[in-house]
Amino acid sequence: MLNKNTFLSVCLFSMLLCLPVQAYAEEEQVVDDVVVEETITEDMDTVSADAVAAYDPSGSLFQQIVDLEQEKVLMELEKERAQLNLELDKLAAEKIKLHMEIDELSGRAEQQQQELENAQAKLEAEAAKLEREKEQLQAQTEEMQSRAASVQTSSSSSESTDQSAINFDDQYRLLNVVGLGSQLQAKIENLTTGQTKTISVGKDVDGYVVQSISLDEGVVFSNGKDVQTLNITKSR
């Protein structure tokens with residue numbers, strides 16, 4: 001028969017043998033629970049993915065709200081685009097107007113420049129005309145001075161040679177008077193030689209200067225002291 005100590009030893013040994021078996025069983029149970037939980041999680045993820053893939057949002061309230069928001073955004077964008085197009089059209093019109101104003105100003109400047117050039121050319125032409133008239137007047141003045149000097153020379157020559165005054169009625173005959181206004185000319189004939197000559201105002205005839213020619217009075221000659229008239233009536 002076993003003593004008390006031996007019995008206690010046997011019991012203690014048996015208990016030590018049972019502890020690893022119980023611990024292993026508990027560990028195995030924990031592992032099984034983890035595997036089951038992971039499997040359930042994988043199955044739920046698969047179902048969620050399939051549900052998301054198979055979900056059709058068309059016709060749903062959410063999709064209607066999204067469509068309305070998109071239409072609203074598109075309408076705003078279209079409105080902004082129309083406003084931008086309007087602004088661009090206004091800018092294009094302003095640009096065209098500005099170019100037209102520039103062209104008009106350029107045309108006015110060219111016109112004013114042309115008018116100035118025409119006015120300058122007109123002034124230059126007037127100045128040239130006045131210069132020509134001045135030269136003509138100077139020439140006429142010199143001619144008159146020359147005639148006056150010639151008359152004085154003729155008078156001095158007549159006085160120095162002590163020649164008696166001639167009688168135009170006895171020496172010349174007035175044939176006709178032609179011309180108009182101050183451009184009248186007379187044709188006279190020398191009764192001694194039969195020669196004819198055409199005379200005008202200012203011409204010298206035998207020391208006498210033709211003062212005037214007219215149809216009524218005929219030709220008036222003067223040497224500064226003596227004045228004689230030759231007309232068609234007396235000549236005939």
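Reader: Let me start with one side chain: which residues does V219 touch, leaving out those up to four places away in sequence?

Author: A contact here means heavy atoms within 4.5 Å. By that rule V219 touches L174, A186, I199, V210, S212, I213, Q228, T229 and L230, with residues up to four places away in sequence not counted. Before we go on, this is a predicted model, in which local features need pLDDT of at least 70 and side-chain atom pairs pLDDT 80 or more, while totals for chains, interfaces and linings use all residues. Residues are numbered from 1 along each chain as its sequence is written, and side-chain values use heavy atoms, without hydrogens or water.

Reader: Happy with that. Which residues have the most contacts inside the largest nonpolar core?

Author: A nonpolar core joins buried Ala, Val, Leu, Ile, Met, Phe, Trp, Tyr and Cys residues through side-chain atoms within 4.5 Å. Buried means under 20% relative accessible area, exposed over 50%, and partly exposed in between (1.4 Å probe, protein chains only). The largest such core has 15 residues, and I199, V205, V219 and F221 have the most contacts inside it. Two or more of its residues come from each of strand 1 (172-178), strand 2 (185-190), strand 5 (208-214) and strand 6 (218-222).

Reader: In what order do the elements of the protein run from the N terminus?

Author: Elements are DSSP runs numbered from the N terminus: helices (H or I) of at least four residues and strands (E) of at least two. The protein has four helices and seven strands, in the order α-α-α-β-β-β-β-β-β-β-α.

Reader: And how many of the contacts bridge long stretches of sequence, and what share of the residues is buried?

Author: Take contacts between residues at least 6 apart in sequence: 31% of them join residues at least 24 apart. As for burial, 14% of the 236 residues count as buried. The protein exposes about 19,300 Å² (Shrake-Rupley method, 1.4 Å probe), and carbon and sulfur atoms supply 57% of that area.

Reader: How do I read an aromatic pair, and how many does this structure hold?

Author: A pair of aromatic rings is described by the distance of the centres and the angle of the planes. Rings of Phe, Tyr and Trp (its six-membered ring) pair with centres within 6.5 Å; planes under 30 degrees apart are stacked, over 60 edge-to-face, and the rest tilted. A search of the whole structure finds three pairs. In one of them, F168 and Y208 are edge-to-face, at 5.1 Å centre to centre and 85° between the planes. F168 is in helix 3 (residues 168-171) and Y208 in strand 5, so this pair ties together parts 40 residues apart in sequence. F168 counts as buried because its relative accessibility is 0%, and Y208 is also buried, at 3%.

Reader: Is the pair of F168 and F221 stacked or edge-to-face?

Author: F168 and F221 are stacked, with 4.2 Å centre to centre and 10° between the planes. This pair links helix 3, home of F168, to strand 6, home of F221, across 53 residues. F221 is buried at a relative accessible area of 0%. Taken together, F168, Y172, Y208 and F221 form one aromatic cluster.

Reader: Now the charges: where are the salt bridges?

Author: A salt bridge is a side-chain nitrogen of Lys or Arg within 4 Å of a carboxyl oxygen of Asp or Glu. The whole structure gives three. R81 and E78 meet at 2.6 Å, N to O; both lie in helix 2, three residues apart, about one turn of the helix. R108 and E104 also meet at 2.6 Å, N to O, and they are separated by about one helical turn because they sit four residues apart in helix 2. R108 is partly exposed at 44%, as is E104 at 41%.

Reader: Which partner does R173 have, and is that partner buried or partly exposed?

Author: R173 bridges to E189, with the closest N and O atoms 2.5 Å apart. The pair links strand 1, with R173, to strand 2, with E189, 16 residues apart. R173 is partly exposed at 34%, whereas E189 is buried at 17%.

Reader: Last one: which residues make the nonpolar surface patch?

Author: A patch takes residues with over 30% relative accessible area and no salt bridge, joining like charges within 9 Å or nonpolar side chains (Val, Leu, Ile, Met, Phe, Trp, Tyr) within 5 Å. Here V73, L74 and L77 make a nonpolar one of about 290 Å². V73 sits in helix 2 (residues 61-161) and is partly exposed, at 47% relative accessibility.
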